[in-house]
Amino acid sequence: MSLSVGDVAPDFSLPDQDKQIVSLEELRGAPVLLVFYPFAFSGLCTGELCQLRDELAVYTDAGVKVLALSTDPVFSLKAFREKEGFDFPLLSDFWPHGATAQAYGAFNDKAGMALRATFLVDAEGKVAFAEVNGAGDVRAQSGWKQAVSSLAA
């Protein structure tokens with residue numbers, strides 16, 4: 001079961017593409033956009049994250065920290081980030097495999113991958129926006145932007 005608006009976001013500590021540990025708890029005090037995606041280098045995921053890269057200022061100008069999460073190992077994420085020029089951390093939910101995605105209700109057990117899920121966590125650690133889509137369902141990022149502007153209101 002996925003998280004809903006108003007739920008407390010589960011904490012996590014995951015390595016980024018440079019093996020640096022990123023913890024949701026350490027980011028408390030500012031909103032965080034969590035973007036779960038199935039696989040690095042896949043067509044739909046690359047398209048979504050490139051759009052996020054190109055429109056990153058919408059989030060960072062509002063004080064939102066953007067994190068992208070997948071079950072890929074850190075080595076794949078490092079290559080993916082370098083190839084696409086992403087300016088936000090790519091976190092590896094590789095081991096225990098998909099534990100963070102599972103905690104957010106954003107994991108496909110049969111395929112062993114994260115779903116296309118997005119959560120905006122407010123400065124107090126509560127879910128302000130939640131969206132979980134299937135692996136092949138491209139997300140409309142307009143909902144994310146609307147949720148970010150609602151936080152500022």
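**View 1. Val58 in helix H2 of the predicted model.** In this predicted model, Val58 is found in helix H2. With a relative accessible area of 39%, Val58 counts as partly exposed, because that value lies between the 20% limit for buried residues and the 50% limit for exposed ones. Once neighbours within four places in sequence are set aside, the residues in contact with Val58 are Lys145 and Val148. Val58 and Ala117, which are separated by 59 residues in sequence, have C-alpha atoms that lie 19 Å apart in space.

**View 2. The largest nonpolar core and the elements that supply it.** The largest nonpolar core of the protein has 23 residues, and those with the most contacts inside it are Leu33, Tyr37, Leu49, Leu52, Tyr59, Phe88 and Leu90. Two or more residues of this core are given by each of strand E3 (32-36), helix H1 (43-54), helix H2 (56-60), strand E4 (65-70), helix H3 (74-84) and helix H5 (142-152). The largest share, 4 residues, comes from H1. In soluble globular proteins, nonpolar side chains tend to be buried together.

**View 3. The surroundings of Leu33, and a separate core.** Not counting residues up to four places away in sequence, Leu33 touches Leu52, Tyr59, Val64, Lys65, Val66, Leu67, Thr118, Phe119, Leu120 and Trp144. Apart from the largest core lies another core, of 21 residues, which includes Phe12, Val22, Phe36 and Ala106.

**View 4. The whole chain, as context for the close-ups.** The protein has 5 helices and 9 strands, and from the N terminus on its elements follow the order β-β-β-α-α-β-α-β-α-β-β-β-β-α. The radius of gyration is 14 Å, which agrees with the value near 15 Å that a compact globule of 153 residues would have, while the C-alpha atoms fill a box of roughly 40 × 30 × 30 Å along the principal axes. Among the contacts with a separation of 6 or more, 64% are made by residues 24 or more positions apart.

**View 5. Burial, surface and charge.** Of the 153 residues of the protein, 48% count as buried. The accessible surface comes to about 7,000 Å², and 54% of this surface belongs to carbon and sulfur atoms. The protein carries 12 positive and 20 negative charges, and the mean positions of these two sets are 3 Å apart.

Terms used. Residues are numbered from 1 along each chain as its sequence is written. This is a predicted model: local features need pLDDT of at least 70, side-chain atom pairs count only at pLDDT 80 or more; totals for chains, interfaces and linings use all residues. Side-chain values use heavy atoms; hydrogens and water are left out. The radius of gyration is taken over C-alpha atoms; the globule rule is 2.2 Å times the number of residues to the power 0.38. Buried means under 20% relative accessible area, exposed over 50%, partly exposed in between (1.4 Å probe, protein chains only). Contact means heavy atoms within 4.5 Å. Accessible areas come from the Shrake-Rupley method with a 1.4 Å probe; for residues, only the protein chains shown count as cover. Lys and Arg count as positive and Asp and Glu as negative; His and the chain ends are not counted. The place of a charge is taken as NZ of Lys, CZ of Arg, CG of Asp or CD of Glu. A nonpolar core is a set of buried Ala, Val, Leu, Ile, Met, Phe, Trp, Tyr and Cys residues joined through side-chain atoms within 4.5 Å.
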